[in-house]
Amino acid sequence: MPVNETILIEAAIKTGLLREADIKTLRLQAKRERLPLLEVITRAGRFPEAALYQSLADARGIPFLLPEQLTADAEALALLPQGSRQHRLLLPVRDADGGRLLALADPDDHLSLERVERATGERYRPALAEPAALRGALERCGQGGAAWPAAAEKNDPVQFLDDVMKEVYLRRASDVHFEPQEGRMRIRLRVDGRMQEFGRMLPASDEDALLNRIKVLAGLDIAEQRMAQDGAMKYAIMNWDIPEVDIRVATIPTRWGERATMRILGQDTGRLTLEQLGMPKTMLGAFRRAIARPHGVILVTGPTGSGKSTTLYSAIRELDVNAINVLTVEDPVELPIAGVSQVQVSVKVGFAEALRSFLRHDPDVILVGEMRDRETVDIGLRAAMTGHLVMSTLHTNDAVGAVTRLLDIGAERFLIASTLTGVLAQRLVRRLCVNCCRKRPALPEELRILNLEGENVVEIYEPGGCSFCLGSGFRGRIGLFEAFWIDQDLSLAISEGASEVRIREMAGNYTTLWQDAREKVLRGEVSLAEVLHVRAEAN
């Protein structure tokens with residue numbers, strides 16, 4: 001049986017997830033809104049209900065298992081009596097070291113522990129899991145055999161989607177993936193760049209109803225199931241007094257049915273300033289001077305999902321849009337900005353067509369979502385040459401590589417040399433949870449990686465795991481940055497055909513991605529393991 005809410009609240013207060021002084025106010029609010037108390041508590045603190053169970057597990061000193069860790073020990077499960085399977089929320093699993101754990105929805109369910117140990121002849125360590133996640137894991141077992149009966153009741157698509165969107169808000173997810181599989185639909189959320197299980201299973205019989213609900217809201221054709229579709233919608237969680245969110249929706253047919261992906265736009269990045277991005281101070285000052293110039297091209301590079309658009313949006317918010325004319329062309333428009341005319345790319349209006357038209361609308365600043373072809377690049381560079389500030393994104397591994405990439409697309413050397421102001425390269429990495437990160441001395445190999453060999457004592461931080469971060473040790477993300485600014489000597493070298501190696505040599509001691517990552521490791525903002533891939537790229 002699920003844990004009493006009083007026990008969960010007391011555990012959350014003990015671990016610092018909740019403040020006792022706030023409980024009375026939240027109880028009154030729950031009565032006023034006629035909502036369950038735990039729902040009001042999680043909404044106010046913006047953490048999922050699983051965080052309360054994590055607090056209880058921490059208070060009891062037992063492991064807490066996330067949905068992705070609830071993989072049944074099939075041999076042990078087959079030995080359990082049918083009654084235990086159907087009437088108790090329990091699941092035997094193995095930990096990373098092969099140890100036996102019994103996942104329970106109630107840490108005080110000693111009877112279930114005794115029954116499982118008698119049935120299997122093995123000793124088990126109790127572990128705690130959120131009831132919804134545990135029920136979903138048991139239902140997944142039922143799809144492959146006779147471990148747990150499939151859900152008999154039909155899921156209301158309206159309520160089910162609302163439950164998903166509540167988790168999106170509470171976990172601060174950026175994407176939702178509805179992935180049809182044989183007999184069921186898997187649902188995953190992308191949180192801090194990593195995929196997490198939603199926890200609940202949706203039977204195959206309910207997939208169409210849920211997909212139709214999403215399609216109707218996104219303005220898609222519910223009768224069309226054999227071709228990819230794209231749409232958008234706004235969504236407001238029922239009975240929650242929070243702002244609605246903009247969502248981009250894409251569907252595509254797969255072997256087991258239609259797959260849908262929802263991108264949540266601007267949920268946590270809509271008000272970010274340049275200071276909050278994590279840019280080094282010297283780089284931030286140079287970037288601000290660059291965006292204050294009346295003309296030139298500023299590029300932000302990096303792979304998909306590295307936060308390029310967020311950086312450009314933050315830059316535009318630094319400008320006085322009431323004193324200048326700012327136009328953007330994007331695919332799609334991810335976040336509305338007051339005072340800025342934003343154009344959505346469509347079949348009839350592409351990047352190049354929009355750019356060409358912008359020049360007849362008296363712009364001061366032009367933002368191009370991506371420079372992806374020769375025509376767009378050529379028009380953008382020429383716009384900068386005629387007295388406009390152009391900001392855009394490009395896909396390159398580092399900042400200096402942007403010059404080579406522009407040449408590969410077909411840009412003229414003299415145009416690049418005379419218009420390019422600077423290039424910012426960036427990556428996003430998970431930020432250490434400030435509530436549970438642990439300080440420890442760096443190992444000799446880690447000192448070598450950090451170029452600190454010979455130092456006596458260097459302390460670095462590693463992830464811990466608490467209710468604030470759902471045991472992951474990370475909460476939120478931070479940017480790693482590299483900047484490359486064009487001076488007269490570099491401009492001349494580019495126009496004369498200097499190689500990328502020569503340009504890199506002439507760029508001098510600019511801060512690289514790895515150097516910024518190293519500084520953030522030593523400051524305790526990120527773990528060394530989280531940024532090693534940046535070092536590999538640098539090598």
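**Exercise 1. Cysteines**

Task: Find out why Cys437 forms no bond with its closest cysteine, and state how many disulfides the structure holds.

Solution. Step 1: The cysteine sulfur closest to that of Cys437 belongs to Cys436 and lies 6.7 Å away, too far for a bond. A disulfide here is a pair of cysteine sulfur atoms within 2.5 Å.

Step 2: Cys469 is in no disulfide either, as its nearest cysteine sulfur, in Cys436, is 3.7 Å away. The structure holds zero disulfides.

Step 3: Cys437 has a relative accessible area of 22% and is partly exposed, while Cys469, at 6%, counts as buried. Buried means under 20% relative accessible area, exposed over 50%, and partly exposed in between, with a 1.4 Å probe and protein chains only.

The model is predicted, so local features need pLDDT of at least 70 and side-chain atom pairs count only at pLDDT 80 or more, whereas totals for chains, interfaces and linings use all residues. Residues are numbered from 1 along each chain as its sequence is written, and side-chain values use heavy atoms, without hydrogens and water.

**Exercise 2. The two sides of helix α2**

Task: Describe the span of α2 and determine which of its residues are buried and which are exposed.

Solution. Step 1: α2 covers residues 20-33, 14 in number, and reaches 21 Å from its first C-alpha to its last, close to the expected 20 Å. The expected span is 1.5 Å times one less than the number of residues. Helices are DSSP runs of H or I with at least four residues, strands are runs of E with at least two, and both are numbered from the N terminus.

Step 2: The buried residues are Ile23, Leu26, Gln29 and Ala30. They lie on the same side of α2 because they cover an arc of only 130° around the axis, the arc being that of the directions from the helix axis to the C-beta atoms.

Step 3: On the face turned away from this buried side are the exposed residues Ala21, Lys24, Leu28, Lys31 and Arg32.

Step 4: The buried residues pack against α1 (5-15) and α3 (37-45). After α2 comes Arg34, with a positive phi near 55°.

**Exercise 3. Domains and cores**

Task: Locate the largest nonpolar core relative to the domains.

Solution. Step 1: The assignment gives domain 1 (5-142), domain 2 (157-264) and domain 3 (274-430 + 477-516); such bounds come from an automatic or database domain assignment. The centres of domain 1 and domain 3, taken over C-alpha atoms, are 48 Å apart.

Step 2: The largest core has 59 residues, of which Met165, Val176, Phe178, Ile247 and Met262 touch the most other members. A nonpolar core is a set of buried Ala, Val, Leu, Ile, Met, Phe, Trp, Tyr and Cys residues joined through side-chain atoms within 4.5 Å.

Step 3: Helix α9 (residues 157-171) gives the most to this core, seven residues. Domain 1 and domain 2 both give residues to the core, so it lies between them.

Step 4: A second, separate core has 42 residues, including Val390, Val400, Ala411 and Tyr510.

**Exercise 4. Glu117 and helix α20**

Task: Is Glu117 buried or exposed, and why is α20 described as largely enclosed?

Solution. Step 1: Glu117 sits in helix α7 (residues 110-120) and is buried, at 15% relative accessible area.

Step 2: Leaving aside neighbours within four places in sequence, Glu117 is in contact (heavy atoms within 4.5 Å) with Glu122, Arg123 and Tyr124.

Step 3: In α20 (residues 513-522), seven of the 10 residues are buried, so the helix is largely enclosed by the rest of the structure. Among them are Leu513, Trp514 and Asp516.
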